[in-house]
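Trainee: Hey, I've just opened this one and could use a quick tour. Mind if I ask as we go?
Mentor: Sure, fire away.

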Amino acid sequence: MFWQIKSYEEYQNAYKKSLSEPEEFWGEIAKSFQWKKEFDSVQSGDFKKVDVKWFEGGILNITENALDRHLEKRGNHTALIFEPNEENSETKKYTFQELYTEVCKTANMLKSSGVKKGDRVCLYMSMVPELLISLLACARIGAVHTVVFGGFSAKALSDRINDCECSLLITNDGGFRGEKTIPLKEIADEALKTCPSISKVIIHRRTYSDISLQNGRDFWWHDLQSSAASECPAEPMQSEDPLFILYTSGSTGKPKGVVHTTAGYMVWGAYTFRNVFQINDKSIYWCSADIGWVTGHTYLTYAPLINGITTVMFEGVPNYPHPGRFWNVIEKHKVSHFYTAPTAIRALMGQGDHWVERAELSSLKVLGTVGEPINEEAWIWYHDIVGRKKCPVVDTWWQTETGGIMISNLAGVTPMKPSYATLPLPGVEIVLKNDKGTDLTGNNIEGNLCIKRSWPGIARTVFRDHDRFKQTYFSTYEGYYFTGDGCKKDENGLYRITGRVDDVINVSGHRIGTAEVEDAIDLNPHVIESAVVGYPHDIKGQGIYAFLICDQTLLDQEEIKKSILKTVTQQIGPIAKPDKIQIVSGLPKTRSGKIMRRILRKIASGETENLGDTSTLLDPQIVEELKEGKV
Ligand code: WT7
């Protein structure tokens, strides 16, 4: 592909051109994709009005780019390798031709189930090929997919379904994940008690669990899909038609339905993928993320297929049935490019090098990380032990809202530095600002990470709440997209993400809002008030620490704690369970009643020496109690 950057000099030129002549730069790249009708303009709108548009006037279908386009030359090339949870059960492979047929049949199944262009379809599934196929089937007919991670609770699922009024739900009877079987259909049944918009449920059978089917509402995938026609014309979509909605947490309120549109997302995902990972036609690429998160959308599903290469999908978890599983998967499928999260790297690092060393990993060429800051020790272990010092490590910074990678080295092309995401991708104009909003200039600076201009992959809105979109991302610094992350720039101009500067916790690469956890905890009848903060955690990056004021009539603290964990699991899911709970008699509040989270964060992190100014506290004495009771 002419837009693949092959040297540092080419990177510098591409970067410069992307800012000086963005229309020409992105226009040329976008033309290398398949359009039903080419776009009239490259870009319009800005971050002041928050009305960004890319490739307007264009008509396309993203699945024609991911599938049809490859059929002639690479129809027999492997598109998808499915590695099941059980190590010895059978791998499934799909060529581009086979995947195309499955997607068409599934698209026809959706159509005959009444799904129309623009309808929202919820996917609450485990990591089986039919999940990836369902995403593409929705896109094929212009339905908007909204995937809800299979670890979320019934309440979280119903909240999301209701927020975007999905008409149809696809789920599995159950999902295999390591030793566990997740009762997806049962959880969905619970959720659907409060989801009036859902008229049909399609169930893909995976675990053969005992489930109940509701007459007239529930249908088996295999009954409907097997009889569907194997050709389905791709719906003509406008560039700015929505492709998917994905819910993500912020510092306030309920999770937001982030909306991505078609053409810009496609171009950004494909462009960043090829350049960051430096793939070629023979690459076998494995992204270990779940499709329930944005990484699984962009870099497991869309970008590899659009680039015509093999993508590996793994149903299980890193340590099942043993801590060498990841490395065995790489060996078995001769994976050349591997992309995972720092949490997994840290957890596997703790299991000892022998698990890695006994696998034959000579196929590996590039290693990637995503989702949270990677510490130097984990970076070096990944590079030296997993990559045997021969594979560049790409540390890719991005967000659900950015659609694709924003800051990263390009494998083997631009410099790498442990724990640094390093340099922005072409089109990404970074500004670091201090709390007053002043731009920081030069090198050796640290501030809040902002982006000055739009790029093709940026989310366009929050579903049915554009004001919230504006408010959340564009009001802190007017005219700039504010990421919520802190960032350092070193003496050579390389960037290092330091973590969230807002009330968002990043647990194992999953974003969780402190307010969301507090709202869940507050529903527990024993709780009077709660405050939740993050603290450094050796494996997860950050852990969740909850300070609670409780009704003392139930005296057994262990009982209270258990009951809190249950409430959070019911309201959100196990991923939001606090790692530590401290029951307290009061919280550090200012005279105006505001909780001083800064103090709580320090106590939770064990930094009790220097708590800063506590003179504005209503009751400074409470701090001593909190320090003493730290768990
Ligand atoms: C937040 C976004 C992007 C896909 C997965 C997470 C953190 C992400 C890095 C990285 C340091 C990172 C940021 C960001 N983050 N990648 N390479 N280094 N931090 O998507 O759930 O939208 O979370 O993840 O804090 O804001 P997300």
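**Where the domains meet**

Mentor: Between domain 1 and domain 2, 7 residue pairs are in polar contact, both residues at pLDDT 80 or more; that means N or O atoms within 3.5 Å, one able to donate a hydrogen and the other to accept it, and residues adjacent in sequence count only if both atoms are side-chain atoms. This is a predicted model, where local features need pLDDT of at least 70, side-chain atom pairs need 80 or more, and totals for chains, interfaces and linings use all residues. Residues are numbered from 1 along each chain as its sequence is written, and side-chain values use heavy atoms, without hydrogens and water.

Trainee: Which residues make up each domain?
Mentor: Domain 1 is 8–317 + 396–486 and domain 2 is 508–628, with bounds from an automatic or database domain assignment.

Trainee: How many salt bridges are there between them?
Mentor: The count is 1 salt bridge, meaning a side-chain nitrogen of Lys or Arg within 4 Å of a carboxyl oxygen of Asp or Glu.

Trainee: And what distance goes with the Glu-401 and Arg-511 salt bridge?
Mentor: 2.7 Å, N to O.

Trainee: New topic: is Arg-346 buried or exposed?
Mentor: Buried, at 6% relative accessible area; the cut-off is under 20%, with exposed over 50% and partly exposed in between (1.4 Å probe, protein chains only).

Trainee: What is Arg-346 in contact with?
Mentor: Leaving aside neighbours within four places in sequence, its contacts (heavy atoms within 4.5 Å) include Glu-372, Asp-538 and Lys-540.
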